[in-house]
Amino acid sequence: MANLKFAVSMQRLIPFLGYHHILMILIAVAIILLSLLLAGCSSTSPLIPGIFLISMYYQHYTPSYDTSQVDPGVTAAIANIVGQAQLGVRVGYFGICVSPDGGDFLCSNNATALAEQVSVDQDPLNLIWVASTFKDSIIFPYLLIVAIILAFFTFILLATFPGWHEERDLQTGSDVDVKPFPSRPVSQVALALIFISSIFVLVSVLWQHTASVAAATIAQDLGNGSVKSGVGTSAMVLGWFGFVLLIIVTIGLLVMILSIIVLDRLTDND
């Protein structure tokens with residue numbers, strides 16, 4: 001009996017969770033993920049310093065040698081300059097986080113303010129300046145911002161879609177669940193907005209991935225033997241996962257519109 005009551009309650013709940021509600025949930029999750037990506041390294045709040053595009057930090061290791069190096073011995077000079085520095089720096093879209101001694105991070109969008117809190121011995125190769133140059137000259141966050149805004153407008157449009165409601169059947173006199181088709185112009189506008197948003201996210205994530213890998217590789221090669229660098233995995237996951245969710249919503253809206261068109265034609269033929 002308990003299982004039967006649970007099944008009946010679920011059947012009553014499911015009609016209120018329409019197809020567009022699922023798409024709205026996916027959009028909301030994508031907006032949250034992309035917002036976290038933009039917020040990376042903007043504050044010392046928990047987890048925020050862990051969302052970064054690239055990281056650079058001083059660390060002594062065996063340098064790489066290649067026949068194309070004109071002066072392989074420069075690595076020894078760089079190691080002498082670096083000394084015992086342990087500073088690490090992480091770069092986000094709107095902020096930079098610095099760990100002067102390998103411990104807690106100091107985060108700010110002002111590189112000058114961060115540099116004033118660090119001594120020459122802690123950052124002998126000016127990694128904070130390099131990080132600031134990368135953030136200001138290479139990273140472009142505004143496509144992501146526009147994509148989030150367009151996704152939010154799509155969320156609002158989907159919220160206007162009609163849901164399930166009960167109507168009385170004049171022939172039988174009983175109440176039946178009815179869900180009207182959403183407005184076709186509204187559906188098409190929502191599809192256009194989410195498609196453009198997906199394209200903007202794709203361009204931004206590709207740009208972010210390519211720029212981060214290139215900058216990290218060059219920084220480590222220039223500091224061969226004394227500077228390590230890497231690409232932020234969490235930022236890449238947030239960006240690509242957000243793009244996948246928006247693409248799923250785009251396909252879902254396209255399938256819905258095409259299905260409504262087919263049903264309309266079938267109804268007209270009948």
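In this predicted model, the side chain of Asp123 reaches the backbone nitrogen of Ile128 at a distance of 3.1 Å. That contact is a convenient place to enter the structure, and the report works outward from Asp123 to the chain as a whole, then to the nonpolar core and to several individual residues.

**Asp123 and its surroundings**

Asp123 sits in the loop that runs between helix H4 (111-115) and helix H5 (127-137). Besides reaching the backbone of Ile128, the side chain of Asp123 makes a polar contact with the side chain of Tyr58, at 2.5 Å. When residues up to four places away in sequence are not counted, Asp123 touches Tyr58, Leu87, Val118 and Ile128. Another residue distant in sequence can be placed relative to this loop: Gly88 is 35 residues from Asp123 along the chain, and the two C-alpha atoms are 8.8 Å apart in space.

Is Asp123 buried or exposed? Asp123 counts as buried because its relative accessibility is 8%, under the 20% limit that is used for this class. Although it is buried, Asp123 has no salt bridge, and the nearest side chain of opposite charge, that of Arg90, is 14 Å away.

**The chain as a whole**

The secondary structure of the protein chain comes to eight helices and seven strands. Of its 270 residues, 38% are buried, and the chain exposes about 15100 Å², of which carbon and sulfur atoms supply 66%. Among the contacts in the chain with a separation of 6 or more, 74% are accounted for by residues that stand 24 or more positions apart.

**The largest nonpolar core**

In soluble globular proteins, nonpolar side chains tend to be buried together. Here the largest nonpolar core holds 57 residues, and the members that touch the most other members are Leu87, Val89, Val98, Phe134, Val201 and Leu253. Helix H8 (residues 233-269) contributes the largest share of this core, with 10 residues.

Which residues surround Val98, once its neighbours within four places in sequence are left aside? Val98 is in contact with Leu87, Gly88, Val89, Asp104, Phe105, Leu106, Leu114, Val118 and Ile128. Among these partners of Val98 are Leu87, Val118 and Ile128, and Leu87, Val118 and Ile128 are also touched by Asp123.

Ala190, found in helix H7 (residues 184-222), counts as buried because its relative accessibility is 0%. Leaving out residues up to four places away in sequence, Ala190 touches Thr154, Leu157 and Leu253, and Leu253 is one of the core members named above for touching the most other members. The C-alpha atom of Ala190 is separated by 8.9 Å from that of Thr250, which lies 60 residues away along the chain.

**The salt bridge**

The structure holds one salt bridge, formed by Lys135 and Asp136, whose closest N and O atoms are 3.0 Å apart. The two partners fall into separate accessibility classes: Lys135 counts as buried at 11%, whereas Asp136 is exposed, with a relative accessible area of 53%.

**Loop residues**

Most residues other than glycine have a negative phi. Cys41 has a positive phi, near 65°, and lies in the loop between helix H2 (19-39) and strand S1 (54-58). Asn126 likewise has a positive phi, near 60°, and is found in the loop between H4 and H5, where Asp123 is also located. The table sets out the accessibility of these two residues together with that of Ser226.

| Residue | Relative accessible area | Class |
|---|---|---|
| Cys41 | 0% | buried |
| Asn126 | 44% | partly exposed |
| Ser226 | 1% | buried |

Ser226 is found in the loop between H7 and strand S7 (227-231). With neighbours within four places in sequence left aside, Ser226 is in contact with Tyr57, Tyr58, Gln59, His60, Tyr61, Ile78, Ala79 and Val82. One of these partners, Tyr58, leads back to the starting point of this report, since the side chain of Tyr58 makes the 2.5 Å polar contact with the side chain of Asp123.

Conventions:
Residues numbered from 1 in each chain as written. Predicted model: local features only at pLDDT ≥ 70, side-chain atom pairs only at ≥ 80, totals over all residues. Heavy atoms only, no water. Core = buried A, V, L, I, M, F, W, Y, C linked by side-chain atoms within 4.5 Å. Buried < 20%, exposed > 50% of the residue type's maximum accessible area, 1.4 Å probe, protein only. Helix = DSSP H or I, 4+ residues; strand = E, 2+ residues; numbered from the N terminus. Contact = heavy atoms within 4.5 Å. Lys, Arg positive; Asp, Glu negative; His and termini not counted. Salt bridge = Lys/Arg side-chain N within 4 Å of Asp/Glu carboxyl O. Polar contact = N/O pair within 3.5 Å; in protein donor to acceptor, adjacent residues only side chain to side chain. Areas by Shrake-Rupley, 256 points an atom, 1.4 Å probe, with all protein chains shown as cover.
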